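The following exercises ask the reader to work through one protein model, step by step. Please keep the sequence and the structure in view while reading the solutions.

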Amino acid sequence: LLDLQYTPAMLSKESTGPMLGLIDAQGRKNQINVFHRFELMKHWHQSQHIAFDAFSVEDGLHMNDWGYDCLARHFAAALGDAIAPAKVASTQQNPHF
């Protein structure tokens, strides 16, 4: 699962916090990993001091090309980390891979 964007439009909604909690709860309930896009983008903005307009478009909601590119790189790394133990286990069972 992929959670919400950290953008001005999402920050202005009262439902953002509860929705983030609901996404996490559903992930736990169904044993599905949740990629925390909200926290990643919050880190960009608060810790790295990247302005919202550097990773989102003028509507204040959607991500721009830079934002999607950076998100994709982090998501790919997280996906690789998530499947790495399974890959190691499968290669131990069949050393030809």
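**Exercise 1.** Determine whether Phe52 is buried or exposed, and describe its ring pairing with Phe55.

*Solution.*
Step 1. Phe52 has a relative accessible area of 19%, so it is buried; buried means under 20% relative accessible area, exposed over 50%, and partly exposed in between, with a 1.4 Å probe and protein chains only. The model is a predicted one, in which local features need pLDDT of at least 70 and side-chain atom pairs count only at pLDDT 80 or more, whereas totals for chains, interfaces and linings use all residues. Residues are numbered from 1 along each chain as its sequence is written, and side-chain values use heavy atoms, with hydrogens and water left out.

Step 2. Phe55, with a relative accessible area of 0%, is buried.

Step 3. The rings of Phe52 and Phe55 lie 5.8 Å apart, centre to centre, with 65 degrees between the planes, and the pair is edge-to-face. Rings of Phe, Tyr and Trp (its six-membered ring) pair if their centres lie within 6.5 Å; planes under 30 degrees apart count as stacked, over 60 as edge-to-face and the rest as tilted.

Step 4. Phe52 and Phe55 are three residues apart in helix H4 (residues 52-55), so about one helical turn separates them. Helices (H or I, at least four residues) and strands (E, at least two) are DSSP runs, numbered from the N terminus. An α-helix has 3.6 residues a turn, so residues three or four places apart point the same way.

**Exercise 2.** State how many aromatic pairs the whole structure holds, and analyse the pair of Trp44 and Trp66.

*Solution.*
Step 1. Searching the whole structure gives six aromatic pairs.

Step 2. For Trp44 and Trp66, the ring centres are 5.2 Å apart and the planes stand at 65 degrees, so this pair is edge-to-face.

Step 3. Because Trp44 belongs to helix H3 (residues 37-47) and Trp66 to helix H5 (residues 65-93), the pair ties together parts that are 22 residues apart in sequence.

Step 4. The relative accessibility of Trp44 is 2%, so Trp44 counts as buried; that of Trp66 is 40%, so Trp66 counts as partly exposed.

Step 5. Ring pairs join Tyr6, Phe38, Trp44, Phe52, Phe55 and Trp66 in a cluster. Within the chain, Trp44 and Tyr6 are 38 residues apart in sequence, and 9.5 Å separates them in space, C-alpha to C-alpha.

**Exercise 3.** Which residues have the most contacts inside the largest nonpolar core, and which helix gives the largest share of this core?

*Solution.*
Step 1. The largest nonpolar core has 17 residues. Such a core is a set of buried Ala, Val, Leu, Ile, Met, Phe, Trp, Tyr and Cys residues joined through side-chain atoms within 4.5 Å.

Step 2. Leu4, Met41, Trp44 and Phe55 are the residues with the most contacts inside this core.

Step 3. At least two residues of the core come from each of helix H2 (16-29), H3, H4 and H5. H3 gives the largest share, four residues.

Step 4. The buried residues of H3 are Arg37, Phe38, Leu40, Met41 and Trp44.

Step 5. In soluble globular proteins, nonpolar side chains tend to be buried together.

**Exercise 4.** Where does Asn64 lie, and what does its side chain reach?

*Solution.*
Step 1. Asn64 is found in the loop between H4 and H5. Its relative accessible area is 16%, so Asn64 is buried.

Step 2. The Asn64 side chain reaches the backbone oxygen of Ala54 at 3.0 Å.

Step 3. Neighbours within four places in sequence being left aside, Asn64 is in contact (heavy atoms within 4.5 Å) with Asp53, Ala54, Phe55, Ser56 and Val57.

Step 4. With neighbours within four places in sequence again left aside, the contacts of Phe55 include Tyr6, Met41, Trp44, Asn64 and Trp66.

**Exercise 5.** Compare the loop positions and exposure of Gln31 and His49, each of which has a positive phi.

*Solution.*
Step 1. Gln31 is not a glycine, yet its phi is positive, about 55 degrees. His49, also not a glycine, has a positive phi of about 55 degrees.

Step 2. Gln31 sits in the loop between H2 and H3, and His49 in the loop between H3 and H4.

Step 3. Gln31 has 76% relative accessibility and so counts as exposed. His49, with a relative accessible area of 66%, is exposed.

How values were computed: A polar contact is a pair of N or O atoms within 3.5 Å; within protein, one must be able to donate a hydrogen and the other to accept it, and residues adjacent in sequence count only if both atoms are side-chain atoms.
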